[in-house]
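Here are a few exercises to work through with the structure open beside you. Try each task on your own before reading the solution.

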Amino acid sequence: MNSPIAENPELAQVARKRVQGREPLLLSAASAMLPREADVLARAREFARPLLVDEHLNSGESMWEHADAVAAILDSIGGSEAMQAAAYLIYASFHLSHPEEAITRRFGSTYASLALETSKLMQVQGQARSGSGARKRGEAKIEHTETVRKMLLAFSRDLRVVLIRLASRLQTLRYHATHKVPVDRLLAEESLYVFAPLANRLGIWQLKWELEDLAFRFLEPDTYREVAAKLDEKRREREHYMQELCDTVRRELAERGIEATVQGRPKHIYSIVKKMRGKSLAFEQLFDLRALRIIVADVPHCYEALSWVHTRFTPIDSEFDDYIAKPKPNGYQSLHTVVRDGQGRPVEVQIRTQEMHDHAENGVAAHWAYKEAGTKGYAGVSATGEYDAKIAVLRQLLAWEREFADSEEVRALGLFDDRIYVLTPNASIIELPKGATPVDFAYTVHTSLGHRCRGARVDGTMVALNTPLQNGQTVEIVAAKEGGPSRDWLNPELGYLSSARARSKVRAYFNALQLQETIAKGREIVEKVLQREGKTSWKLDDIAAQLGFKSAEALFEVVGKDEFSLRTLEVLLRADSEEADSHDNLVVRKPRGTGSGGKVLVVGMDSLMTHLAKCCMPAPPDEIGGFITRGKGVGIHRTDCPNFQKMLETTPERVIDVAWNETSGEARAVYPVEIQVEAADRQGLLRDISDVFTRERTNVIGVQTRSHKAVASMVFTVEVPNATQLRTVLAAVANVAGVRFARRK
């Protein structure tokens, strides 16, 4: 496998040095998550080759060559063969119809999870860039913040994604530079403002400086070429001078009993331009084009070496910083000074211990002393195991996010002001609104955990449940085996909940609790009615279905809320009993005047007494059926009446055919029918509906009204000669202002 690093001597030297040094915890933590199989790299390459060899990325680069290069970059920074193998599987997953199944079968679920997680992140970022178009500076920063958020959460699920994404982005920039292919500006900005700071925070210096220089080369090509030309003008002379200076410093320090490693420090174009702009300096005014680093055994020797440097050379007073006594916020320690040699040429000098150097080279994550965790405010965290490595890296990811959020442009936009990120005990990152508490955290992890939350430990220390959380803290919830939330949590003055999601979960819990109480109340009422009517053998679900409810609980709910008339239930229960007949007999009212019209004819029989059933109130031309009752004649029902259907199933021998009496010349009969109306409640509503009945010459013989939550429900019993007249009345009522529906009950 050809490596781009082999073609770059300076890069190769850095790579060899890094592999020989202590492996960063990031690599250790990420590599530990992969199976240790000796042949996994070879198997992964062979698996991916036929899928990638003829495929190309959007940039035009061969996908197979890109995967090879990514694996080489991972190798250069100390990544294991297993991690390099994962790089091939990620790109292969783009071309598999069922990637999770295929990769799991051949390499295991760990590799499958990594491939899917990384490919998903790559696709989301690519789509965001392709759909962004031309953007203003602030809009590009907004895009970058979304990238940061997505990357942060993806990294928390699998730390290997960090290295693979960095290596992949570096190779993309290398390809564009080598083949002189134009780069999308947003991709270059993302590399400079998001990826490079991430590499820096994680201490992967080799990737950091190359990402910066390549991205800057595409963003400002003229400035890049100008500075590069000035550096090249006297490069050979400067390198010869620095070699002699290093030998002199090393020899004279040894004569004073100070063993030291002295080396020249390379300067990169982006860092030069950044310093020129930050301090408003011309290229010729830069003090650190000639720079060397002195590494000694301990802190006392640092100051001894500094004393010698200031005695041997002429110090520039304004260019001295003691980062040992006062480390930088990320923990960086070193002595920085600028001196002039005998010819007056400025030389930047850094003096540090080997431990400080490892810290500076490999990042805080690679040097986090968890054995001293208690003194750093993270009590209860041990110094051993993969867990500590992952926690260390995750804390640096959170610090990277805060560094990005604290940049001047992003802070001006206020893009991260509304959220924080904290860690679970299992080392996953949880995103929360700013001001969130342990209760918010618990509900974000799982609703059940939120309900059962009774206490919390933050970085190993018990805290009150309304304590606001801070970025980067580790939160552990103390939960009961069962139980629910406290109503106090909904009191905004007590400060238990900050997120809308958590508040909605707590409200939903108490609403469900109230609903269950309402259902229990409704069940008790219905069961009492069944006992009173002697119908306890009836199935509750059957009763609910006949009354038009989806379930018995739905019936109990409206009964418990007092939104359902128990008279309707009683009518249903009495439909096939003598008592029901005696109450439900409603003889057809004869018209005012003389005659005996309006009778129902029993097919094949004469002079049988009939009555209209109140449960369904039939009227011409409804299809009807008759049911013989004891001593009360024939009850007339609509054929679609639930009670009639039940009678037809249980006692079909008592069902007879009937028909409407349409004898011409008889005075017109009228029939009682119930109309159900629902409307937005308002003053004058009943009056307006009554006016409709008057205009339609429809007699109203009964009214029931009820209002609940500004909704009026009304049932009118009216007399109509037939269903045609009924439809006319319903249409007129439906046109009344505020009426939602009017229909036959």
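**Exercise 1.** Are α21 and α24 parallel, antiparallel, perpendicular or oblique to each other?

Before starting, a word on the model: it is predicted, with local features needing pLDDT of at least 70 and side-chain atom pairs counting only at pLDDT 80 or more, while totals for chains, interfaces and linings use all residues. Residues are numbered from 1 along each chain as its sequence is written, and side-chain values use heavy atoms, with hydrogens and water left out.

*Solution.*
- Step 1: find the two helices. Helices are DSSP runs of H or I with at least four residues, strands are runs of E with at least two, and both are numbered from the N terminus. Here α21 covers residues 500-533 and α24 covers residues 566-573.
- Step 2: take the angle, which runs from 0 to 180 degrees between N-to-C directions of axes fitted to C-alpha atoms, over the stretch in contact. For this pair the angle is about 40°, and the axes lie 11 Å apart.
- Step 3: apply the cut-offs: under 35 degrees is roughly parallel, over 145 roughly antiparallel, 65 to 115 roughly perpendicular, and the rest oblique. The two helices, α21 and α24, are therefore oblique to each other.

**Exercise 2.** Which residues of α21 and α24 meet?

*Solution.*
- Step 1: use the contact rule, heavy atoms within 4.5 Å. On the α21 side you find I525, V526, V529, L530, R532 and E533. Their partners in α24 are L566, L569, E570 and L573.
- Step 2: sort them by class, where Ala, Val, Leu, Ile, Met, Phe, Trp, Tyr, Cys and Pro are nonpolar, Asp, Glu, Lys and Arg are charged, and the others, Gly among them, are polar. The contact of α21 with α24 has seven nonpolar, no polar and three charged residues.

**Exercise 3.** Describe how α10 and α11 pack.

*Solution.*
- Step 1: α10 (residues 185-201) and α11 (residues 205-219) have axes 9 Å apart and an angle of about 160°. That makes α10 roughly antiparallel to α11.
- Step 2: look at the contact. From α10 come nine residues' worth of names to check, including A188, L192 and F195; among those they meet in α11 are L207, L211 and F218.
- Step 3: by class, this contact of α10 with α11 has 10 nonpolar, two polar and four charged residues.

**Exercise 4.** Which residues of α19 are buried?

*Solution.*
- Step 1: recall that buried means under 20% relative accessible area, exposed over 50%, and partly exposed in between (1.4 Å probe, protein chains only).
- Step 2: the buried ones are P438, V439, D440, F441, A442 and Y443.
- Step 3: six of the eight residues of α19 (residues 438-445) are buried, so this helix is largely enclosed by the rest of the structure.
- Step 4: for the wider picture, buried residues make up 49% of the 745 residues in the protein.

**Exercise 5.** What is notable about the backbone at K180, R697 and P621?

*Solution.*
- Step 1: K180, in the loop between α9 (160-179) and α10, has a positive phi of about 50° although it is not a glycine. At 69% relative accessibility, K180 is exposed.
- Step 2: R697 sits in the loop between α27 (685-695) and β19 (699-708). Its phi is near 55°, again positive in a residue other than glycine, and R697 is exposed at 79%.
- Step 3: P621, in the loop between β13 (610-612) and β14 (624-629), is joined to P620 by a cis peptide bond with omega of about 0°.
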